[in-house]
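New to this one? Here's a quick briefing to read alongside the sequence and the 3D view.

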Amino acid sequence: MATSIEARQEQGGPFQGEGTHQTATGATIASLKHDSTSRKPDYGRAVAAGQTQEQVAQHSQGVGNGPQVRSTTEQLEVLCGPLLNYRHMSGEQTDSPVWHGSVLLVTTPGQLPERLSLNYVGSAGGSSTMNGLSASLDRRFPGTKLYEDPGKAFWQFDVEAPFQELESAWEYSVPRMTSAKGDRPQLGRPKRFFIPSKHESMRIMFHSCNGFSVGTDEEAWSGPALWNDVLRVHEQQPFHVMIGGGDQIYNDSVRVSGPLRPWTDIANPHKRREHPFNEDLRAKCDEFYFQNYVRWYGMEPFASANGQIPQLNIWDDHDIIDGFGSYTDHFMRCAVFRGIGGVAHKYYMLFQHHIPPPVSTFTTDAPQTMHGQGADSVQLRDTYVLTQRAEDPSYIIGKKPGPYVEEKSRSVFTQLGKRIAFLGLDARTERTRHQINYPETYDLIFRHASQQIAASRGEIKHLVLLLGVPIAYPRLQRLENILQSPIIGPIRFLNKRFGLAGGFFNQFDGGVDLLDDLDDHYTAHQHKKERKVLVERLQVLAKEHSIRVSILGGDVHLAAMGRFYSNPKLAIPVERDWRYMANIISSAITNKPPPQAVANLLARRNKIHHLDHDTDETLLELFNEDPGHGQTGVKPKTAETNHATMPSRNYAIICESHSHTGATTNGMNGHTNGKGESATFPTPKNPREPLHIGEKGAGTGHPAASGIARSGLAGVNGLDVTIRVEINPSDREGHTQGYGFSVAALESAAYAGQGEKW
């Protein structure tokens with residue numbers, strides 16, 4: 001549908017709000033009931049005065065005049081969205097906790113959305129209650145304009161809802177929504193999402209690497225087919241949150257078919273490093289990143305998941321460009337890399353976090369932007385950026401900007417229902433080839449996490465830590481040494497002179513292309529000390545608060561399950577072992593997997609490593625058979641000897657293994673930590689085999705394998721983990737086979753009488 005835009009010249013001084021934009025409907029807010037006023041008292045006064053939405057919007061302060069246009073269409077023309085995010089809980093330790101999230105719409109410019117309506121549908125699986133409770137919970141929320149320029153506007157709606165006694169279903173809608181391109185006829189229908197019972201924790205879906213590397217035949221891999229499987233499972237047993245572990249989008253084509261192509265074609269490395277990132281190149285990259293987000297986030301079935309499963313994201317390199325942060329320092333500091341770091345960060349903030357971007361991003365034309373603080377009047381021409389906005393309490397913001405992205409890191413700590421806390425580490429903003437995060441950032445994160453866990457007074461039983469890149473993973477030290485050895489020199493010379501082994505070297509700093517991936521790993525030799533300190537600090541946190549730490553990792557395009565654990569000589573059962581941490585490795589949900597040979601090599605490198613004198617690590621032999629084993633037309637994924645790494649697209653499910661609202665648990669009574677079979681589980685001679693009852697029978701026959709029914713294993717407060725693996729990449733419906741195991745809660749306080757402070 002074509003947009004009718006009427007240009008309008010605004011008189012007066014600089015624009016300081018949204019009051020200059022006219023509403024198409026002229027409706028008054030006084031007619032709206034059950035409005036959210038708890039965190040925006042000014043809206044309450046506006047309602048009382050009968051002011052219009054336009055006047056209420058003046059309370060959102062920003063800079064820039066905006067595009068000075070007014071939409072004359074009767075419809076709200078949507079370019080992308082709605083995108084649903086989860087943010088945090090409030091009142092976690094009370095009997096009336098509240099769920100907080102947000103909804104993002106990207107519209108054509110010059111529009112003013114009406115308020116978002118949130119309606120309580122009833123208990124999950126049931127119909128709407130008509131006894132008055134439903135209507136009393138229905139609410140409406142105003143939109144806040146985050147950003148607007150002549151091509152688009154970003155509108156964010158803060159949404160909140162009370163947790164109920166039982167899992168609850170909610171529907172939201174924004175009036176008059178229609179697709180700006182006319183290609184989404186169902187766009188205006190209400191979207192439904194689910195909130196767990198206030199006695200339960202959230203059902204988590206975890207994914208990473210949601211895109212394709214440059215040159216991949218997307219049709220041969222059936223596009224983002226596994227999102228069909230996600231939606232099927234969601235229909236059977238709803239997900240409450242969808243954690244993105246990084247690479248939610250692949251922006252790498254900016255250097256192949258995008259505005260960086262002429263730059264990457266510059267043969268001389270010195271000229272490439274010295275190339276300016278001027279306003280013209282910034283504007284072209286800005287348009288590329290925006291359009292790539294709109295294309296990918298609007299692609300089905302991913303788009304359907306975005307609107308009904310609340311997202312919680314942390315970024316990685318492909319959200320910027322492949323390998324960002326892990327090339328040589330002198331190259332990473334070049335203007336072009338700093339420039340695209342700023343542009344990528346802008347749209348990461350908007351699309352993935354629903355918060356306003358910096359006022360301006362880096363260009364060599366505006367020196368004030370080179371330290372992430374100054375406003376560039378050229379970038380602000382016909383543009384509006386919201387500036388006065390309180391930070392969400394879930395963010396842990398670094399003290400100083402990253403070395404290559406002119407912004408501060410933004411990690412996330414939030415509670416996922418009753419007993420699970422989540423910590424997402426921003427491991428990209430501060431990353432260099434030799435560090436992942438600043439030491440002071442680790443101090444901030446651990447201090448905040450410890451305070452929040454302590455405040456729960458023992459209610460929080462699990463900390464789910466998102467690192468993006470695996471941390472309990474096989475070493476490839478020998479391969480690193482070869483790729484960095486003098487024997488590569490002659491090959492590099494022949495590459496420069498004659499183009500020999502063209503794909504072997506990257507187009508940026510001329511290094512071996514595989515090295516940026518290896519340098520990204522926590523197990524890389526230059527990150528070895530930082531990795532050890534991080535794991536030891538996690539052990540202290542687990543020990544001090546008697547909280548089980550489980551780690552999520554993606555990036556590597558295959559599935560696996562690593563774990564740290566106490567050296568068997570210490571004879572500590574897993575249920576009391578604060579060193580036991582499972583590293584759930586799930587990658588990729590969309591990108592193609594590595595060749596079988598790579599997965600088999602990693603499995604052969606699955607040694608028993610010693611982090612320190614008391615901590616060992618290795619992968620669990622989780623994959624008892626290939627997915628679709630024995631089915632006609634399904635090819636083997638791994639060697640028969642490889643049960644540790646699975647090179648097939650996948651995603652993970654994490655949920656509590658017991659119900660805490662009286663529901664049945666898969667027909668089982670379960671096991672209690674420290675008692676019965678769990679306490680007497682024999683220590684295996686080979687630690688690649690099960691270390692506790694929750695790992696026994698891991699794989700396709702485990703009670704948690706489906707990701708739908710609770711297993712009842714690993715104690716009352718245990719977690720079930722499922723990795724659902726694609727059977728056939730030619731199947732456009734993305735059917736999977738599940739592999740399950742369980743993680744026991746921690747009861748380290750059992751040692752309180754042994755003279756140590758726990």
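What follows is a short tour of a few spots, topic by topic. Keep in mind that this is a predicted model. We'll visit a strand with its two partners, then a four-stranded sheet, and then a couple of helices.

**Strand S22 and its partners**

- Strand S22 covers residues 560-566, and seven of its seven residues are buried, so the rest of the structure largely encloses this strand.
- Its side chains split into two sets: Ala-560, Gly-562, Phe-564 and Ser-566 point one way, while Met-561, Arg-563 and Tyr-565 point the other way. Whichever way they point, all of these residues are buried.
- One partner is strand S23 (residues 581-585), which pairs with S22 in the antiparallel sense over five bridges. In that pairing, Ala-560 sits opposite Ile-585 of S23.
- Strand S25 (residues 615-619) is also joined to S22 by five bridges, and these two run antiparallel. Here Phe-564 has Glu-617 of S25 standing opposite.

**A four-stranded open sheet**

- In what order do the four strands of the open sheet come? They go S7-S6-S10-S12, and the pairing is antiparallel.
- Strand S7 (139-141) and strand S12 (191-195) take the edges, and each has a single partner strand, so one side of each lacks a neighbour in the sheet.
- From one strand to the next, the twist averages 30 degrees.
- Zooming in on one pair, strand S10 (residues 168-173) meets S12 in the antiparallel sense over five bridges. Glu-171 stands opposite Arg-192 in S12.

**Helix H16 and its two sides**

- Which residues of helix H16 (residues 596-604) are buried? They are Ala-599, Asn-600, Leu-602 and Ala-603.
- Those buried residues cover an arc of only 160 degrees around the axis, which puts them on the same side of H16.
- A bit of background helps here: an α-helix has 3.6 residues a turn, so residues three or four places apart point the same way.
- Over on the other side of H16, Ala-597 and Arg-604 are exposed.

**Ser-450 in helix H11**

- Ser-450 has its place in helix H11, which spans residues 439-455.
- Is Ser-450 buried or exposed? Its relative accessibility is 16%, and buried means under 20%, so Ser-450 counts as buried.
- Leaving out residues up to four places away in sequence, Ser-450 touches Leu-541, Glu-544 and His-545.

Note on methods
Residues numbered from 1 in each chain as written. Predicted model: local features only at pLDDT ≥ 70, side-chain atom pairs only at ≥ 80, totals over all residues. Heavy atoms only, no water. Buried < 20%, exposed > 50% of the residue type's maximum accessible area, 1.4 Å probe, protein only. Pairing = 2+ DSSP bridges. Contact = heavy atoms within 4.5 Å. Axes fitted to C-alpha atoms, helices over the stretch in contact; angles between N-to-C directions. Arc of directions from axis to C-beta.
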